[in-house]
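Me: I would like to go through this model with you, one question at a time. Please reason briefly before you settle on each answer.

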Amino acid sequence: MKFKTLFAAALLASTVLGAGVAQAKSLVYCSEGSPENFTPAMNTTGTSLDAARPVYNKLVQFEPGTTKVEPGLAESYDVSADGKTLTFHLRKGVKFHSGVNGFTPTRDFNADDVIWSFERQWKPQHPYAKVSGGAYDYFNDMGMPDLLDSITKTDDSTVVMKLKKPNAPILANLAMDFATIQSAEYADYLMKKGTPEQFDQIPVGTGAFIFVAYQKDAVIRFKANPDYWGGKPKIDDLVYAITPDATSRYAKLKANECQVMFAPNPADLAEIKNNPDVNLLSQAGLNIGYMAMNVQKPPFDKVEVRQAIAMAVDRDAILKEVYQGAGQKAKNPIPPTMWSYDDSTVDYPYDPAKAAEMLKAAGVTSLDTDLWYMPVQRPYNPNAKRMGEMIQADLAKVGINAKLVTYEWGEYRKRMQAGEYQMGFLGWTGDNGDPDNFLAVLLGCDKDGKPNANNIPKWCDAKFQEDITKAAEISDIAERTKLYKDAQKIVADQVPWLNIAHSTVFEPIRKSVSGYKVSPLGAHEFQDVDVAE
């Protein structure tokens, strides 16, 4: 049976079932995009990660609404005195879901699933290493290939992870989505059927919700897992209504067609606050919105040119118009809510006259460039097209002619990561509470001096790399803070990207919803949520 037929049949079955069980509790989440697939290890976008989260678990996880690490599929864990050996004691009796493609598990979750899930990303000879393309950017950008020495099992309930060197953020990193645990038995089942590609499109996990159906650009359906080790969810059906336009998402929320929505339009916030049926949740975002400059393409290889461009852009005007004042102008790549933030950084002022003078001194009297803007709304950039228009006008004042460019979101990210652009927008919401997750992932390079996949500016600096590498290997917070502050000073001087803003994150929910918590990590999680009748 082809995928579309399979999904359509599952969707129809779900609809008929829903019609016959009127008393079932449903929650609809108005999301903003279609996932690339349902395997978190293969993705770096919040859209795809959010779509997979209901299905899966990790060894450790973040306590909802916080960056605190707590047990997940590992009910406990030990770290050796030298910080190089982690022993995970696994929960017993954890059940995998059955799949809509005929898979029925014959055993409980065990150590083999843990080893399988990590080795797929780590070992080139793994049978699934190249299935669905075989790109594991998170695993690689977190330095896992250079960090891992071995992952073995003592028995079915005990996994030992040995590291080549100590790594201070390792537990927080293992609570990230790339460390999701999948079913080795399900993988074997599909390989024997000759349909291994279904593994990443029809997800089977141990999570609070079971995957039912997916219709691209329309809907994802899940049902509550009655055997969930954390207790059956309070809601019976979870639906992602894929709605790219923010105004349309809010219209659905007002009509109670969805109860939780992603990223409201800043211009709608005043109305949302006054809606008697809606609670507007908010918190300072653990994020950064930036404009990258590709340092591998002249004249952006010259630091003087990048510094001049930083002074040519009126970020105060952007903060007022694009963010509607909901955030603050950024001067560092990490947000001020994160430990080790360097408040002593001196920001670049808006000074177009000085910018033009610096460009002329650098030999740039006129310049044609592209300026890529994201086709989607993100908390760190609520209106990239308008931001692009404003920066285009600012650059024209100093002799830079910028052509606005965009692509479909998946294509946009792929091309940005490949370095096809000259100037362009992206951003980041932290995956954990550690500065390493911003500085190393977004601006780090490997031991051969090759930029990480998420290093969009393609910028590598030896002293910066030395600082962040050393900081990850020591546990003393004061010493780590000193190193991260030094790294921030290097970024401020070199300007691989222009820091634009750290936004405030708003999440409107219907007042009928309880138990929902805004995640500082940008995740949307529903295992503890209830909806009033």
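Me: How are H3 and H7 oriented to each other, roughly parallel or roughly perpendicular?
Reply: In this predicted model, the axes of helix H3 (residues 111–122) and helix H7 (residues 184–193) come within 8 Å and cross at roughly 65 degrees, where axes are lines fitted to C-alpha atoms, for helices over the stretch in contact, and angles run from 0 to 180 degrees between N-to-C directions. Angles under 35 degrees count as roughly parallel, over 145 as roughly antiparallel, 65 to 115 as roughly perpendicular and the rest as oblique. H3 and H7 are therefore roughly perpendicular.

Me: Which residues of H7 make the contact with H3?
Reply: Contact means heavy atoms within 4.5 Å, and helices (H or I, at least four residues) and strands (E, at least two) are DSSP runs, numbered from the N terminus. On the side of H3 the contact is made by Asp 112, Asp 113 and Trp 116. The residues of this contact divide into three nonpolar, no polar and three charged, with Ala, Val, Leu, Ile, Met, Phe, Trp, Tyr, Cys and Pro counted as nonpolar, Asp, Glu, Lys and Arg as charged, and the others, Gly among them, as polar. On the side of H7 they are Ala 184, Glu 185 and Ala 187.

Me: Is Phe 103 buried or exposed?
Reply: Phe 103 sits in the loop between strand E6 (85–90) and H3, and, leaving aside residues up to four places away in sequence, touches several residues, including Glu 185, Tyr 186 and Tyr 189. Buried means under 20% relative accessible area, exposed over 50%, partly exposed in between (1.4 Å probe, protein chains only). With a relative accessibility of 2%, Phe 103 is buried.

Me: What is the handedness of the disulfide of Cys 30 and Cys 258?
Reply: A disulfide is taken here as a pair of cysteine sulfur atoms within 2.5 Å, and the sulfur atoms of Cys 30 and Cys 258 are 2.5 Å apart. The pair links distant parts of the chain, with Cys 30 in strand E1 (residues 26–31) and Cys 258 in the loop between helix H8 (246–254) and strand E13 (260–261), 228 residues apart. Because the torsion about the S-S bond is about -105 degrees, the disulfide is left-handed.

Me: Which cysteine is joined to Cys 445 by a disulfide, and is that partner buried or partly exposed?
Reply: The partner is Cys 460, at an S to S distance of 1.9 Å, and both cysteines lie in the loop between helix H15 (436–443) and helix H16 (462–473), so the pair ties together parts 15 residues apart in sequence. Cys 445 counts as buried at 10% relative accessibility. With a relative accessible area of 34%, Cys 460 is partly exposed.

Me: What is omega for the cis peptide bond of Pro 298 and Pro 299?
Reply: Most residues other than glycine have a negative phi, and most peptide bonds are trans. Pro 299 is found in the loop between strand E15 (287–293) and helix H10 (303–312). The cis bond that joins Pro 298 and Pro 299 has an omega of about 0 degrees.

Me: What is the mean pLDDT of the chain?
Reply: Residues are numbered from 1 along each chain as its sequence is written, and side-chain values use heavy atoms, with hydrogens and water left out. Local features need pLDDT (the predictor's confidence in each residue, from 0 to 100) of at least 70, side-chain atom pairs count only at 80 or more, and totals for chains, interfaces and linings use all residues. In this chain 96% of the residues reach 70 or more, and the mean pLDDT is 94.
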